[in-house]
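Biologist: Before we discuss this chain, could you put the sequence and the model on the screen, so that each answer can be checked against them?

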Amino acid sequence: NIIGTIPTEVGKLTSLERLDLSENLITGPIPTEIGMLYHIKLFYLSDNILTGTIPSGMMSKVQKINLSRNRLSNSMLHLGKATSSLQYLNISNNILTSFPFGENGFKELETLDLTHNSIYQDISVILDGLSSIKDLLLSNNFLYGSIPNTIRSLARMEKLHLDNNRLIGTIPDDVLSLVRLRELKLSHNRQETQCFEALTECGAQPYQGGVLCCGGDNGEQVCADGLGVEIVDPIYYCLTPGLHGTIPAGFTNTPYLQVLDLSSTLLKGNIPPEIGGLSRLEILDLSNSALTGSIPSSLGALTDAVVLVRGNDMIRGQNK
């Protein structure tokens, strides 16, 4: 129950290797003098009431940083030399609106947790420079764009949480090349249909396929790929952003998968029968989408898993 602010004199503790002030009532900003802790390896300030931005030039040998559950905002987190040693970074449950993905090259980073923020950035930019990542936890933000094929380069990935964002497009087959994958969460990536005047809100050129972006009410653009674009007439375009297409086949390449959550998307088509061969599966959630066909008999082999398919009105064999 420590109250007050972090004193600037903390920067004089130049031999300090571990600083843990978690679960207190510390307020105010993180002092820039923190960057003078050249030997710090563990830096935990989670569960406080810290505000402002994360200062630049933070510790050069730090391996683990936990700043979760604070009120940090608008941080660019210029860690400088820290990116060469940083393995664990948790800034979840703050009010960040951006993060410098691809700028620092977090080559040793294994866990990145930015869940429950307000980050509005393109998902394709986020994956740059994360060659060692194992757990990429980005749920509950405003990430947009399509999952890029380059995701296959993240060969060490074990947890990929992109649920509750604004992703569009299809799920690339490259996701299933991540053979170590244990958790894949892509649920709640769909938005309500919005219609726009073609000329004034969607650009002067006629739509010719691909991704179309139109101006939204709050100043942010609303984008959808070709599967989510409906031309009502030459005057109006109606966009339904979300993950479209079919569930990719090839789950035999991910034998360690324990959690597969594709619920509340715009996915359609049949359920791939090879999902029933995932013997380690604990949760399979395909509910509230647009899947069709029948439930594969192979899913009966998932005797230890919770299997949810409700809300797909065109699926035969489900228990309404």
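Biologist: In which sense do strand β5 and β7 pair, and over how many bridges?

Modeller: This is a predicted model, and in it Thr51 of the chain stands opposite Arg71 in β7. Strand β5, which covers residues 49–52, pairs with β7 in the parallel sense, and the number of bridges between them is two.

Biologist: Which are the edge strands of the open sheet?

Modeller: The sheet is formed by four strands in the order β1-β3-β5-β7, with parallel pairing. An edge strand here is one that pairs on one side only, and that description applies to β1 (3–4) and β7 (71–72).

Biologist: Which residue is the bridge partner of Gly269 in β23?

Modeller: Strand β21, residues 268–269, runs parallel to β23 and is joined to it by two bridges. Within this pairing, Gly269 has as its bridge partner Leu291.

Biologist: Along strand β23, which side chains point to one face and are buried?

Modeller: In a regular strand, side chains alternate between the two faces of the sheet. Strand β23 (residues 290–294) shows such an alternation, with Ala290, Thr292 and Ser294 pointing to one face and not buried. Buried means under 20% relative accessible area, and the residues of β23 that are buried and point to the other face are Leu291 and Gly293.

Biologist: How many residues has the largest nonpolar core, and which residues does Ile275 touch?

Modeller: The residues with the most contacts inside the largest nonpolar core are Phe43, Leu67, Phe99, Leu112, Leu136, Leu260 and Ile275, and this core has 68 residues. Leaving aside residues up to four places away in sequence, Ile275 touches Phe251, Leu260, Leu281, Leu284, Leu299 and Leu302.

Biologist: How many residues does the other core have?

Modeller: This core lies apart from the largest one, and among its residues are Leu212, Ala224, Val229 and Leu239. Its number of residues is eleven.

Biologist: Which residues make the nonpolar surface patch of about 270 Å²?

Modeller: One member of the patch, Ile235, lies in the loop between β18 (229–233) and β19 (236–239). The full set that makes this nonpolar patch is Val232, Ile235 and Tyr236.

Biologist: What share of the residues of the chain counts as buried?

Modeller: The secondary structure of the chain comes to two helices and 25 strands, and its C-alpha trace spans about 65 × 55 × 35 Å along its principal axes. The accessible surface is about 14800 Å², with 49% of it belonging to carbon and sulfur atoms. Of the 320 residues of the chain, the share that counts as buried is 49%.

Definitions and conventions. Residues are numbered from 1 along each chain as its sequence is written. This is a predicted model: local features need pLDDT of at least 70, side-chain atom pairs count only at pLDDT 80 or more; totals for chains, interfaces and linings use all residues. Side-chain values use heavy atoms; hydrogens and water are left out. Patches are made of residues with over 30% relative accessible area and no salt bridge: like charges are joined within 9 Å, nonpolar side chains (Val, Leu, Ile, Met, Phe, Trp, Tyr) within 5 Å. Accessible areas come from the Shrake-Rupley method with a 1.4 Å probe; for residues, only the protein chains shown count as cover. A salt bridge is a side-chain nitrogen of Lys or Arg within 4 Å of a carboxyl oxygen of Asp or Glu. A nonpolar core is a set of buried Ala, Val, Leu, Ile, Met, Phe, Trp, Tyr and Cys residues joined through side-chain atoms within 4.5 Å. Buried means under 20% relative accessible area, exposed over 50%, partly exposed in between (1.4 Å probe, protein chains only). Contact means heavy atoms within 4.5 Å. Two strands pair if DSSP finds at least two bridges between them.
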